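Hello,

Here is the structure I promised to pass on. Have a look at it first, and then read on for what turned up.

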Amino acid sequence: MPGNLLHVNATITCPHGGHAAPRPDGTRVLVDGTAVTTLADPYLVTGCPFTVSGKPQPCVRVHWEQPSGRLRLNGSPVLLQSSVGSCLSAEGAPQGSALVVVVQQRGAGR
């Protein structure tokens, strides 16, 4: 699956407008001066206003699927713009798909 690489400065949101940001594990590979992210890097969501029947149920993390089939970093597949991320609540309930809004345009993977 080809696509641009995700990196720590990519703009990713939950479907409710919360911001998803990675906590990379000391990545040494940089794309245009920014660390590339992998399937092993946790993505935490902040600022999600989602509620169900008046009870706050914000998205708190993103679970990624369909990373690169070929490129790995420290043994973990890199994430691509075409990777699918599911936003989850604190209880693990799916809240919708993560939206990848902005990525770097210089490196691509498969």
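A word you will need throughout is contact, which means heavy atoms within 4.5 Å. Before using it, a note on where things come from: this is a predicted model, in which local features need pLDDT of at least 70 and side-chain atom pairs count only at pLDDT 80 or more, while totals for chains, interfaces and linings use all residues. Residues are numbered from 1 along each chain as its sequence is written, and side-chain values use heavy atoms, with hydrogens and water left out.

**The chain as a whole**

The chain has 15 strands and zero helices. Both kinds of element are DSSP runs numbered from the N terminus (helices, H or I, need at least four residues; strands, E, at least two). Of the 110 residues in the chain, 41% are buried; the cut-offs are under 20% relative accessible area for buried, over 50% for exposed, and partly exposed in between (1.4 Å probe, protein chains only). The chain exposes about 5,900 Å², of which carbon and sulfur atoms supply 52%; such areas come from the Shrake-Rupley method with a 1.4 Å probe, and for residues only the protein chains shown count as cover. Among contacts between residues at least 6 apart in sequence, 65% join residues at least 24 apart.

**Glutamine 95 and its surroundings**

A good place to start is Gln95, which lies in strand E13. Is Gln95 buried or exposed? Gln95 counts as buried because its relative accessible area is 14%. Leaving out residues up to four places away in sequence, Gln95 touches Pro15, His16, Phe50, Gln57, Pro58, Cys59, Cys87, Leu88 and Ser89.

One of those partners, Gln57, sits in the loop between strand E8 (55-56) and E9. Gln57 is also buried, at 11% relative accessible area. With the same neighbours in sequence set aside, Gln57 touches Phe50, Thr51, Val52, Ser89, Glu91 and Gln95. Gln57 and Ser89 are 32 residues apart along the chain, yet their C-alpha atoms are separated by 6.0 Å.

**Strands E9, E12 and E13**

Strands pair if DSSP finds at least two bridges between them. E12 (residues 84-88) and E13 (residues 94-97) run antiparallel and are joined by three bridges. Leu88 has Pro94 as its bridge partner in E13, and Ser86 has Ser97. E12 is also joined to E9, by five bridges and again antiparallel; here His63 has Ser86 as its bridge partner.

Five residues lie between the strands in the hairpin of E12 and E13, where Gly92 takes a positive phi near 90°. Glu91 is placed in the loop between E12 and E13, and its relative accessible area of 57% makes it exposed. Outside its neighbours within four places in sequence, Glu91 is in contact with Lys55 and Gln57. Glu91 and Val60 are 31 residues apart in sequence and 9.4 Å apart in space, C-alpha to C-alpha.

**The nonpolar cores and a surface patch**

A nonpolar core is a set of buried Ala, Val, Leu, Ile, Met, Phe, Trp, Tyr and Cys residues joined through side-chain atoms within 4.5 Å. Which members of the largest core, with its 14 residues, touch the most other members? They are Leu6, Ile12, Tyr43, Val45, Val62 and Trp64. Strands E6 (43-46) and E9 (61-65) each supply at least two residues of this core. Apart from it lies another core, of six residues, including Val31, Val36, Val78 and Leu80.

Ile12 touches Leu6, Gly18, His19, Ala20, Tyr43, Trp64, Ala98, Leu99 and Val100, again without residues up to four places away in sequence. Leu99 is found in strand E14 (residues 99-102) and is partly exposed, with a relative accessible area of 42%. Leu99, Val101 and Val102 make a nonpolar surface patch of about 250 Å². Patches are made of residues with over 30% relative accessible area and no salt bridge, with like charges joined within 9 Å and nonpolar side chains (Val, Leu, Ile, Met, Phe, Trp, Tyr) within 5 Å; a salt bridge is a side-chain nitrogen of Lys or Arg within 4 Å of a carboxyl oxygen of Asp or Glu.

**Two loop residues to look at**

Ser53, in the loop between strand E7 (51-52) and E8, has a positive phi near 50° without being a glycine. Ser53 is exposed, at 82% relative accessible area. Asn74, in the loop between strand E10 (72-73) and strand E11 (76-77), has a positive phi of about 50° although it is not a glycine. Asn74 counts as exposed, at 72% relative accessibility.

Best wishes
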